[in-house]
Amino acid sequence: MADMVQPDSNSLQILGDDSSVPSSPATVRNDCSITPLTPSPSPRVEVRPRMACPFSVVVAIDFGTTSSGYAFSFTQDSEAIHMMKRWEGGDPGVANQKSPTCLLLTPELRFHSFGFAARDFYHDLDPEEARHWLYFDKFKMKIHSTSDLTMEKELEAVNGRRVRAIEVFAHALRFFREHALKEVKDQSSSVLEGDEIRWVITVPAVWRQPAKQFMREAAYLAGLVSPDSPEQLLIALEPEAASIYCRKLRLHQVLDLSLQPITNGLELDESRPFDSSDRYIVADCGGGTVDLTVHQIEQPQGTLKELYKASGGPYGAVGVDLAFEAMLCQIFGEDFIQSFKAKRPAAWVDLTIAFEARKRTAAPGRANALNISLPFSFIDYYKRHRGQSVEAALRRSNMNIVKWSSQGMLRLTQEAMNELFQPTIVNIVKHIDLPEPLPLPGAVGGAGGGVPERREIRATMQFGDTEIKVTAVDVMSNRSVRASIDFLSN
């Protein structure tokens, strides 16, 4: 992992109880990272002496598409993980360890609030006043979908105004920085200097290198670390971090015990840790992406062997939200939906929040319909815009799987919810349908009938802020090739 480079590039090193996640373009000083929550003791095998960790605390930010959060750990007691707790606002009766990934800027483009506070304040604004405020939500994947990502990339707020994406991300990360540092200070008996904190930001496996570098630049702008100390920030792949956590679990913490008895007459000792016979897939199903890793534990060294390259796709829960919006367009007309979003942005956010709450209660075996409350402004605006009622629009659409309730709610039948979920589920299943296993060393193609020519190539990489300089040397012929890759150039 971070403290050494192994000849086998398919191994993610887990040394003893400490672990660290790769993917940072900076050179890491040594092994110093957060360990999983409530870990089970791992067998200790021939662990090399570790260097003193230069960081006093590690703060990891889970920057999600729909929700975000953070945790931190003091390196002197790395087994104790402190989850963020104190969120302003939130839904009554719900314990929130994460906050919605939504940002609110004032009409003058100054930061106002993030998370529940942003959502609730925006909700309470007068409709006319809300048109001047800039509300961003579910914006994370916008930088992945951009093929020519640059520092000048812009994001569109709900009201249609545009702001540089780097500033939006920096506002969000700055909020987490201030929030986390306050909690760290409350938990620490000594004053921490800025260079004593290691920051970790998780990103989807599907993200290309420019998007990862963009997140690093946003962290610099937010003041998490200085560009002069890039080793203080790790950009970690989400599914690999999850896989390392699973490495620490015992089987009974992973298996769904309701599925017993286990087929094929196998009886597993669920109290044992994973061993070398265990291969496992971690499917990280998030709001924007579904990321996969396939690992096997290698004994006795305790490393993780990567059986397939970490991969993913834009198959997260946002796909269900987009399907719901498409359904609304089919019923009420795309021109009306777009006009309503532009003229009544706060009401549109209310509608998406209402759908999100009901979406979480959907289940394959649920027979009764789900009620989605329509904001009064939606009903009123449609009547003004179209000259007819919402109920009349539903009848005219001939969409029998969506009903109207006299209480002002759309009633989505089980068939309607299946229709919204199905495209996303199909994409996830297709992605998990893995290709053939990686060929063994020496195998050619699928047949493996010959031994390919092996050439020793030595490569060195020099990482800059936005550029990587690569030099590759063919050891036998001593021929070299040099290249520079600038990820944020136009």
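Which residue in β8 does Leu-103 stand opposite? I looked this up to get started, keeping in mind that the model is predicted. The partner is Phe-136.

**Entry: the sheet**

From that pair I moved on to the strands. I found that β6, residues 102-105, is joined to β8 by four bridges, and that β6 and β8 run antiparallel. I then traced the whole sheet: an open one of three strands, in the order β7-β6-β8, with antiparallel pairing. I checked the edges next. They are taken by β7 (111-114) and β8 (134-137), and each has a single partner strand, so one side of each lacks a neighbour in the sheet. I also noted the twist: on average, neighbouring strands here are turned by 15° against each other, direction ignored.

**Entry: a helix over the strands**

What lies across β6, β7 and β8? I found helix α3, residues 165-187, running at about 65° to β7.

**Entry: two helices further along**

Last, I turned to helix α9 (residues 376-386) and helix α10 (residues 390-397). Their axes come within 9 Å and cross at roughly 70°. Angles of 65 to 115 degrees count as roughly perpendicular, and α9 and α10 therefore fit that description.

Which residues make the contact? On the α9 side I listed Phe-378, Ile-379 and Tyr-382, and on the α10 side Val-390, Ala-393 and Arg-396. Sorting the contact of α9 with α10 by class, I got five nonpolar residues, one charged and no polar.

How values were computed
Residues are numbered from 1 along each chain as its sequence is written. This is a predicted model: local features need pLDDT of at least 70, side-chain atom pairs count only at pLDDT 80 or more; totals for chains, interfaces and linings use all residues. Side-chain values use heavy atoms; hydrogens and water are left out. Two strands pair if DSSP finds at least two bridges between them. Helices (H or I, at least four residues) and strands (E, at least two) are DSSP runs, numbered from the N terminus. Axes are lines fitted to C-alpha atoms, for helices over the stretch in contact, and angles run from 0 to 180 degrees between N-to-C directions. Contact means heavy atoms within 4.5 Å. Angles under 35 degrees count as roughly parallel, over 145 as roughly antiparallel, 65 to 115 as roughly perpendicular and the rest as oblique. Ala, Val, Leu, Ile, Met, Phe, Trp, Tyr, Cys and Pro count as nonpolar, Asp, Glu, Lys and Arg as charged, and the others, Gly among them, as polar.
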